[in-house]
Amino acid sequence: MDYRITHLKQLESEAIFVLRETAAQFEKPVLLFSGGKDSIVMAYLAKKAFWPAKLPFPLMHVDTGHNFPETMEYRDRFVKDLGAELIVASVQEAIDQGKVVEETGVNASRNSLQTVALLEGLENGQFDAALGGGRRDEEKARAKERFFSHRDAFGQWDPKNQRPELWNVFNGKKHHGEHFRVFPLSNWTEMDIWQYIKLENIALPELYFSHERECFVRNGVIMAVTEFTQPQPEETVEKMQVRFRTIGDTTCTGANVSSASDLDAIIDEVAAARNTERGTRADDKRSESAMEDRKKQGYF
Amino acid sequence: MSEKENNSGYLDMDLLRFTTAGSVDDGKSTLIGRLLYDSKAIFEDQLEAVEKSSKSRGDENVNLALLTDGLRSEREQGITIDVAYRYFATPKRKFIIADTPGHIQYTRNMVTGASTANLAIILVDARKGVIEQTCRHAFIANLLRIQNVVVCVNKMDLVDWDQAVFDKIVSEFKSFASRLDNLINITFIPASALLGDNIVDKSENMGWYNGPTLLYHLETVYNGSDFNHIDARFPIQWVVRPHSDKYHDFRGFAGRIAGGVFKPGDAVKVLPSGFESKIKSIHLMDEELKEAYSPMSVVMTLEDEIDISRGNMLVKANNPPKMLQDIEAMVCWFSSTKSLSGRGKFIVRHTTNDVQAIVSEVKYKVNINTLHKIEDDLELKLNDIGRISIRTSAPLFVDSYSKNRITGSIILIDPLTNETVAAGMII
Ligand SMILES: Nc1nc2c(ncn2[C@@H]2O[C@H](COP(=O)(O)OP(=O)(O)OP(=O)(O)O)[C@@H](O)[C@H]2O)c(=O)[nH]1
Ligand SMILES: [Mg+2]
């Protein structure tokens with residue numbers, strides 16, 4: 001007998017193992033849910049890990065307030081179907097309370113403010129582990145991260161001094177006030193995510209599929225016209241056939257021209273893609289080590 | 001070649017995890033960059049970013065090592081500090097690459113990357129030959145029982161593509177490796193990571209070499225499973241109790257199978273209690289499975305109501321692991337602040353168990369160059385490898401590491417700092 005499972009099933013099994021270790025090793029974990037495909041797959045795997053019981057931890061959405069309405073509808077439906085508890089950590093509240101100051105100007109983004117709302121959300125809920133949908137193939141600093149990533153009392157990552165992580169024996173021990181970020185999807189690629197969504201027939205927000213919407217081009221990035229992203233006078237608005245490869249805050253998520261309206265078409269598109277999915281993320285373009293710097297401060 | 005060009009057959013791909021090893025500056029990161037670049041697994045924006053930073057650093061060529069050296073300090077110093085994981089696929093195989101640091105100071109990160117690998121590429125600088133760090137990494141690969149080793153003699157461009165240099169290094173390495181019991185499948189490839197010779201494309205400068213290119217070898221090498229499918233071991237991670245109307249009496253035991261094959265109807269024994277029962281059902285969410293084996297994550301239910309909790313193990317009665325409180329292990333020491341001489345108190349983590357433990361003795365250390373036992377200096381310090389005896393506060397259910405990588409491995413945690421100070425392979 002040849003007892004083998006496919007690489008996708010190996011990734012599934014690994015992620016479920018990590019999710020269960022997190023539930024078992026920490027007192028109060030929380031799953032960070034953005035409404036993007038990675039966090040959807042992670043939450044789906046959490047359902048698999050603990051079925052037929054409910055998730056032993058709540059979901060937390062770090063809400064910049066700059067959402068696509070489609071994401072919010074999806075989020076609320078998804079959470080209800082899952083029977084999970086949802087906590088919202090609001091960037092708007094942090095701004096209103098004067099804890100952070102908003103960027104100004106045309107390219108203002110609340111992306112960096114997410115870190116503050118996130119760290120506050122974790123502290124308010126006294127969460128000691130935050131499950132994130134980050135993948136090592138996304139970005140060069142992420143490629144360096146452990147499954148169990150230790151954070152000091154200030155939520156900071158010390159990339160030069162990470163704990164060794166042997167086999168799949170995870171060490172989640174920590175001092176009071178410290179916490180961990182845990183990344184069950186570490187070894188998944190964008191292609192793995194899409195293939196798995198298809199294999200398991202997981203419903204996604206409409207934004208991932210081709211649709212017509214009003215857009216304009218800024219710094220080479222196609223931006224959707226939304227309440228929060230308005231064209232400047234010199235920028236022209238056009239109706240375009242687009243879809244999103246990643247979904248984040250509207251102010252830093254670019255669209256791609258695409259006619260891919262179902263999963264098979266998206267998979268073909270991902271297979272032929274010549275740029276990474278974060279290539280349309282304005283937040284990574286700010287400097288060479290933008291991601292590392294944000295992660296050091298406590299970003300996802 | 002790349003994952004991008006291939007879609008059909010995706011659900012039927014084999015997974016090979018490999019790691020790089022070798023001394024600092026031997027060209028490990030450059031080699032991985034070259035492998036990704038020549039097999040077209042690099043995206044345009046990634047390449048642009050690397051071209052841009054190469055230029056601003058004043059590098060002559062595009063510095064392909066920057067594709068994996070992603071941290072700011074790594075780029076500043078031109079060395080690798082921590083493991084980078086990269087992914088690519090060819091029509092038959094999906095690869096997970098761990099590019100590890102060669103610097104001795106970061107050996108623990110090398111061990112991290114190597115611990116999950118099925119294959120190790122050990123690089124040797126053609127000008128330097130086999131040096132201490134080559135030996136150390138080969139020794140670690142052997143200790144971790146990595147089945148396949150490729151010795152890549154790199155920088156052949158700097159020795160005039162000379163076959164004599166290659167042959168000499170091959171025999172140097174062979175004579176060292178003959179003393180390592182597990183390094184059996186060794187393939188030697190002369191290469192230039194910088195120029196791309198014998199990485200993806202066959203070298204035009206070394207007509208004397210008739211063997212495979214590195215990529216061809218990675219795609220075709222026999223990838224025997226590292227999982228044990230003989231000795232049934234199911235360490236319990238979590239007990240599933242839904243407390244819902246529909247699943248009122250459901251009591252499932254969740255975990256990832258560490259060895260053997262389990263089927264509904266199988267008689268099983270619970271450790272440490274010794275109670276016996278039969279498997280009623282095996283679940284993966286709404287799927288009911290007819291059998292489950294390593295490395296699958298599942299939930300099992302039993303015919304009888306038995307008290308079982310995290311840290312327990314389900315096994316078959318006729319083939320149990322050893323239940324031990326006295327454990328012998330080879331360890332790699334990782335801590336720069338805490339050394340071990342004589343006795344010490346630690347937490348041992350083994351599968352899903354945590355126990356208090358006392359190291360009762362350091363038996364010997366290994367001299368990496370000669371492979372001789374050192375018995376007159378028994379202090380284990382950063383990057384040392386040695387054999388220790390441990391006494392645990394409760395029995396662990398163990399196999400030897402050579403029999404099962406999962407039930408045969410432990411880590412040692414310092415109870416004061418919570419740091420992982422050592423990795424151990426049970427003898
Ligand atoms: N001439 C020549 N130079 C090479 C070759 N491969 C790598 N180099 C150079 O050797 C230097 C070190 O290469 P790296 O790839 O960073 O070495 P490394 O083994 O990853 O080093 P660490 O990760 O720090 O241990 C760089 O300057 C490379 O350009 C080669 O085949 N020929
Ligand atoms: Mg390197």
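In this predicted model, the centres of domain 1 and domain 2 of chain A sit 24 Å apart, going by C-alpha atoms. Domain 1 of chain A comes in two pieces, 7-192 and 289-296, while domain 2 of chain A covers 205-284. Chain B is carved up into three domains: domain 1 takes residues 9-220, domain 2 takes 233-315 and domain 3 takes 322-426. For chain B, the C-alpha centres of domain 1 and domain 2 are separated by 41 Å.

Back in chain A, there is an open sheet built from four strands, which line up in the order 8-7-9-10 with antiparallel pairing. Strand 8 (221-224) and strand 10 (256-257) of chain A are the edges here, each finding a partner on one side only. Strand 7 of chain A, spanning residues 211-218, is hooked up to strand 8 of chain A through four bridges, and the two run antiparallel. To pick out one facing couple, A:Cys215 is set opposite A:Ala224, the latter belonging to strand 8 of chain A.

Aromatic rings are next. Over all chains, a search of the whole structure turns up 26 aromatic pairs. One of them is A:Phe68 with A:Phe244, a tilted arrangement with 5.0 Å from centre to centre and 55° between the planes. The tilted label fits because stacked pairs need planes under 30 degrees apart and edge-to-face pairs need over 60. What makes this pair handy for reading the fold is where the two rings come from: A:Phe68 is in the loop between strand 2 (59-63) and helix 3 (69-82) of chain A, and A:Phe244 is in the loop between strand 9 (238-243) and strand 10 of chain A, so the contact ties together parts lying 176 residues apart in sequence.

A few backbone oddities are worth a look too. The peptide bond between A:Trp51 and A:Pro52 is cis, with omega at about 0°. A:Pro52 belongs to the loop between helix 2 (37-50) and strand 2 of chain A. Chain B has a cis peptide bond as well, going from B:Ser294 to B:Pro295 with omega near 5°. That proline, B:Pro295, is in the loop that links strand 14 (292-293) and strand 15 (297-302) of chain B. Then there is A:Trp167, which is not a glycine yet has a positive phi, near 45°. A:Trp167 is in the loop between strand 5 (148-151) and strand 6 (179-182) of chain A.

That leaves the ligand. Ligand 1 is surrounded by 20 residues, and the closest are B:Lys28, B:Thr30, B:Thr80, B:Gly102 and B:Asp157. By class, this shell splits into seven nonpolar, eight polar and five charged residues. Helix 1 of chain B (residues 28-38) supplies the largest share of the shell, at three residues. Backbone atoms also come up against the ligand's oxygens. A polar backbone atom of B:Asp26 is 3.3 Å from an oxygen atom of ligand 1. For B:Gly27, a backbone N or O atom is 2.9 Å from a ligand 1 oxygen. At B:Gly102, the distance from a polar backbone atom to an oxygen atom of ligand 1 is 2.8 Å. On its own, ligand 1 has 660 Å² of accessible area, and the protein covers 85% of that.

Technical notes: Residues are numbered from 1 along each chain as its sequence is written. Chains are lettered from A and ligands numbered from 1 in the order in which they are written. This is a predicted model: local features need pLDDT of at least 70, side-chain atom pairs count only at pLDDT 80 or more; totals for chains, interfaces and linings use all residues. Side-chain values use heavy atoms; hydrogens and water are left out. A residue is near a molecule or strand if one of its heavy atoms lies within 4 Å of it. A polar contact is a pair of N or O atoms within 3.5 Å; within protein, one must be able to donate a hydrogen and the other to accept it, and residues adjacent in sequence count only if both atoms are side-chain atoms. Accessible areas come from the Shrake-Rupley method with a 1.4 Å probe; for residues, only the protein chains shown count as cover. Ala, Val, Leu, Ile, Met, Phe, Trp, Tyr, Cys and Pro count as nonpolar, Asp, Glu, Lys and Arg as charged, and the others, Gly among them, as polar. Domain bounds come from an automatic or database domain assignment. Two strands pair if DSSP finds at least two bridges between them. Rings of Phe, Tyr and Trp (its six-membered ring) pair if their centres lie within 6.5 Å; planes under 30 degrees apart count as stacked, over 60 as edge-to-face and the rest as tilted.
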